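Please look over the two chains shown below before reading on. The report then describes their folds in outline and turns to the packing of selected helices.

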Amino acid sequence: MSIDLTSLALGWMAAYGAPMVAGILFFGGLGVPVPGTLVVIASGAFIRQSLLDAVSTPLLGYLGTILGDGLLFAIGFFASHWIERRFGATSAWKSAQDLFERRGGIAIFLTRWLLTAVALPVTLVAGSSGYRFRKFFLYDLLGELLWFVIYGGLGYAFGSQWELISDFISNFSGFLVGALALGVGIYALVRLGRKPVKNAPADGSV
Amino acid sequence: MKNLLNRLKSVSLAQWLALALVILGLGVMIYKARGMLEFYKEVQYASQHDFAAGNLSPDLIRPWMSLRYVAAAFAVPQQYLYQAANIQPKKETSMIAINRLNSQMDLGKVDGQPALMQTLRAAILAYRANPVATGLLEKQVENWMTMQYVANSCAISVESLFEGLNLPAQGNAYKPLNFLATETDYSGGPKALLANIQKIVDERCVKPAVP
């Protein structure tokens with residue numbers, strides 16, 4: 001018998017119920033590569049099929065996720081001293097901090113439920129860039145709530161066909177991350193193309 | 001050629017990285033779009049073959065279906081499917097997709113499809129040729145079950161089930177019980193319907209062969 005991590009997680013969920021869902025999502029929030037979105041979808045389906053409790057599962061799961069995110073933020077925060085020492089004086093780091101202070105909220109919110117593949121680095125950057133915890137917590141609460149409502153709701157709606165919708169969501173989320181990479185790449189190419197290139201000939205002929 | 005080489009040399013590392021990001025992004029998007037297309041095809045497949053109509057061909061089984069889904073759609077007791085496929089009955093094995101179960105059991109593929117699909121198809125045909133009332137493995141009536149599923153598992157005629165509940169049988173035998181209660185506006189809703197079916201099951205259902 002070969003058991004992958006996802007199958008193990010599903011087996012544990014069915015065997016140990018809501019506390020296990022909370023534990024898996026806590027470690028997922030911390031950055032351990034567990035299939036968090038799949039667990040939320042499966043939770044919805046398992047609730048529909050009376051395998052999990054309809055009250056304690058979403059509550060404990062949500063709590064586990066928030067705690068995991070909070071702890072990861074704290075790890076980023078305590079690692080910031082090292083990052084500050086190493087990169088703090090560079091203009092790139094300062095401008096990244098400024099950018100995150102201005103636009104970080106939307107990044108935190110979107111990576112909780114839509115672009116979940118990049119949630120880990122965003123949380124670490126939030127913690128290490130001095131982003132205020134209260135603001136992070138607010139966006140985190142809202143984003144994760146949406147994650148639970150949408151994906152858990154889809155699992156509930158699809159019931160015993162939940163694996164089909166889970167595949168779709170995984171592909172959709174990956175598609176969006178690909179689109180984000182494409183957008184950032186094109187933006188960077190356009191910006192860099194406007195700047196004079198250092199080692200280009202002075203007369204512009206190449 | 002020389003011009004091209006000079007031009008390439010003038011491209012900075014940052015520009016190369018941005019280009020790599022563009023290519024990576026495009027690659028991921030194409031790969032994931034193919035996955036989404038598969039989903040669309042499966043949804044089309046499900047809508048083309050009305051699974052609520054009953055009497056389905058076993059060839060319609062798909063890798064994403066769970067054992068529970070197959071049991072309800074084809075009205076074959078889960079107990080029977082478990083035994084036919086030599087699977088240990090557990091809560092989660094009932095709920096996970098056939099392809100995942102197939103991987104867990106290292107069953108490999110037959111004609112490019114999970115071998116478990118073949119086993120289940122054969123089990124459905126064998127059951128239809130020689131129906132066996134196993135009793136309800138689940139012990140209690142649940143909202144994912146259909147009237148036909150309960151009837152077949154318990155060796156109760158589906159017509160008498162509908163009569164006992166004062167519900168029209170026409171077109172309703174393969175609908176999940178929670179949908180059936182909603183669609184027929186059953187007095188007391190799905191909970192009352194499940195409770196009333198449970199009463200009939202407690203009185204008339206054969207006992208499970210394996211507890």
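What follows is a report on a predicted model, beginning with the chains and ending with individual helix pairs.

## Overall make-up of the chains

Chain A contains eight helices and zero strands, and its order along the sequence can accordingly be written as α-α-α-α-α-α-α-α. The C-alpha trace of chain A extends over about 75 × 35 × 35 Å along its principal axes.

Chain B has 11 helices and two strands, arranged along the sequence in the pattern α-α-α-α-α-α-β-β-α-α-α-α-α. The two strands thus follow one another in this pattern, with helices written on either side of them.

## Extent and domains of chain B

Measures of overall extent are available for chain B as well, whose C-alpha trace spans about 90 × 40 × 25 Å along its principal axes. The radius of gyration of chain B is 25 Å, whereas a value near 17 Å would be expected of a compact globule of 211 residues.

The domain assignment divides chain B into domain 1, covering 13–48, domain 2, covering 58–129, and domain 3, covering 147–204. Taken over C-alpha atoms, the centres of domain 1 and domain 2 of chain B are separated by 30 Å.

## Helices H3 and H8 of chain A

In chain A, helix H3 (residues 36–48) packs with helix H8 (residues 162–194) at an angle of about 155 degrees, and the axes of the two helices lie 10 Å apart. Angles over 145 degrees count as roughly antiparallel, and H3(A) and H8(A) are therefore roughly antiparallel to each other. The crossing of this pair, H3(A) and H8(A), is right-handed.

On the side of H3(A), the contact is made by Thr37(A), Leu38(A), Ile41(A), Ala42(A), Ala45(A) and Phe46(A), while H8(A) contributes Trp162(A), Ile165(A), Ser166(A) and Ile169(A). Sorted by character, the residues of this contact between H3(A) and H8(A) comprise eight nonpolar and two polar ones, with no charged residue.

## Helix H4 of chain B and its two partners

Helix H4 (residues 78–85) of chain B takes part in two of the packings described here, one of them with helix H7 (residues 115–129) of chain B, where the axes come within 9 Å and cross at roughly 125 degrees. H4(B) and H7(B) are therefore oblique to each other, and their crossing is right-handed. The residues that meet are Tyr80(B), Leu81(B), Ala84(B) and Ala85(B) from H4(B), and Leu116(B), Thr119(B), Leu120(B), Ala123(B), Ala126(B) and Tyr127(B) from H7(B). The contact of H4(B) with H7(B) is made up of nine nonpolar residues and one polar residue, with no charged residue.

The other packing joins H4(B) to helix H3 (residues 67–74) of chain B, again at an angle of about 125 degrees and with the axes 9 Å apart. That angle makes H3(B) oblique to H4(B), and H3(B) passes H4(B) in a right-handed crossing. In this contact, Leu67(B), Arg68(B), Val70(B) and Ala71(B) of H3(B) meet Gln78(B), Leu81(B) and Tyr82(B) of H4(B). Here the residues divide into five nonpolar, one polar and one charged. Leu81(B) appears in the contact of H4(B) with H7(B) and also in the contact of H3(B) with H4(B).

Conventions. Residues are numbered from 1 along each chain as its sequence is written. Chains are lettered from A and ligands numbered from 1 in the order in which they are written. This is a predicted model: local features need pLDDT of at least 70, side-chain atom pairs count only at pLDDT 80 or more; totals for chains, interfaces and linings use all residues. Side-chain values use heavy atoms; hydrogens and water are left out. Axes are lines fitted to C-alpha atoms, for helices over the stretch in contact, and angles run from 0 to 180 degrees between N-to-C directions. Helices (H or I, at least four residues) and strands (E, at least two) are DSSP runs, numbered from the N terminus. Angles under 35 degrees count as roughly parallel, over 145 as roughly antiparallel, 65 to 115 as roughly perpendicular and the rest as oblique. A crossing is left-handed if the near helix is turned anticlockwise from the far one by less than a right angle, and right-handed if clockwise. Contact means heavy atoms within 4.5 Å. Ala, Val, Leu, Ile, Met, Phe, Trp, Tyr, Cys and Pro count as nonpolar, Asp, Glu, Lys and Arg as charged, and the others, Gly among them, as polar. Domain bounds come from an automatic or database domain assignment. The radius of gyration is taken over C-alpha atoms; the globule rule is 2.2 Å times the number of residues to the power 0.38.
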